[in-house]
Amino acid sequence: MSGSTLHATGATWQTSKPDPQVAYSWVRCTDVEDWRSCRAISGAGGTSYTATDADVGAYVRVFLRVVSGNASAWALSAPTTEVEPKPVPMMLLRPPVVSP
């Protein structure tokens, strides 16, 4: 849902070199099954991302890239469910008037 914060957790890797470079990038996808429909979300890096109204109707995934020396590896998470809009708050401005 727009406004919900997503978290990337559980990734592991092994490397023979110390201090690998790790980068998380969040992507917005128009097709739940085709990763080629995914595009980077500007400014969305790190292990958490808050979905916005721009994500409504799309699927969000996180791309992980690890670089260690001359070696690199990447992984793409499974997609979220389709991002839904924020619920519209109910408002009662004034009750109706009943007249005879």
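Beyond its neighbours within four places in sequence, Ser2 is in contact with Ala51, Thr52, Asp53, Val56, Val83, Glu84, Pro85 and Lys86. These contacts are taken from a predicted model. Ser2 lies in the segment that precedes β1 (5–7). Because its relative accessible area is 4%, under the 20% limit, Ser2 is classed as buried. One of its contact partners, Asp53, is also joined to Ser2 by a polar contact of 2.7 Å between the two side chains.

A second serine, Ser99, is placed in the segment after β6 (71–76). Its relative accessibility is 59%, which is over 50%, and therefore Ser99 counts as exposed. In sequence, Ser99 and Ser72 are 27 residues apart, while their C-alpha atoms are 75 Å apart in space.

The two serines are set out below.

| Residue | Location | Relative accessibility | Class |
|---|---|---|---|
| Ser2 | segment before β1 (5–7) | 4% | buried |
| Ser99 | segment after β6 (71–76) | 59% | exposed |

The remaining topic is the cysteines. A disulfide is a covalent bond linking the sulfur atoms of two cysteines. The count for this model is 1 disulfide. Cys29 and Cys38 are the residues joined, with an S to S distance of 2.0 Å. The torsion about their S-S bond is about 100°, so the disulfide of Cys29 and Cys38 is right-handed. Cys29 and Cys38 are both buried.

Technical notes. Residues are numbered from 1 along each chain as its sequence is written. This is a predicted model: local features need pLDDT of at least 70, side-chain atom pairs count only at pLDDT 80 or more; totals for chains, interfaces and linings use all residues. Side-chain values use heavy atoms; hydrogens and water are left out. A disulfide is a pair of cysteine sulfur atoms within 2.5 Å. Buried means under 20% relative accessible area, exposed over 50%, partly exposed in between (1.4 Å probe, protein chains only). Helices (H or I, at least four residues) and strands (E, at least two) are DSSP runs, numbered from the N terminus. A polar contact is a pair of N or O atoms within 3.5 Å; within protein, one must be able to donate a hydrogen and the other to accept it, and residues adjacent in sequence count only if both atoms are side-chain atoms. Contact means heavy atoms within 4.5 Å.
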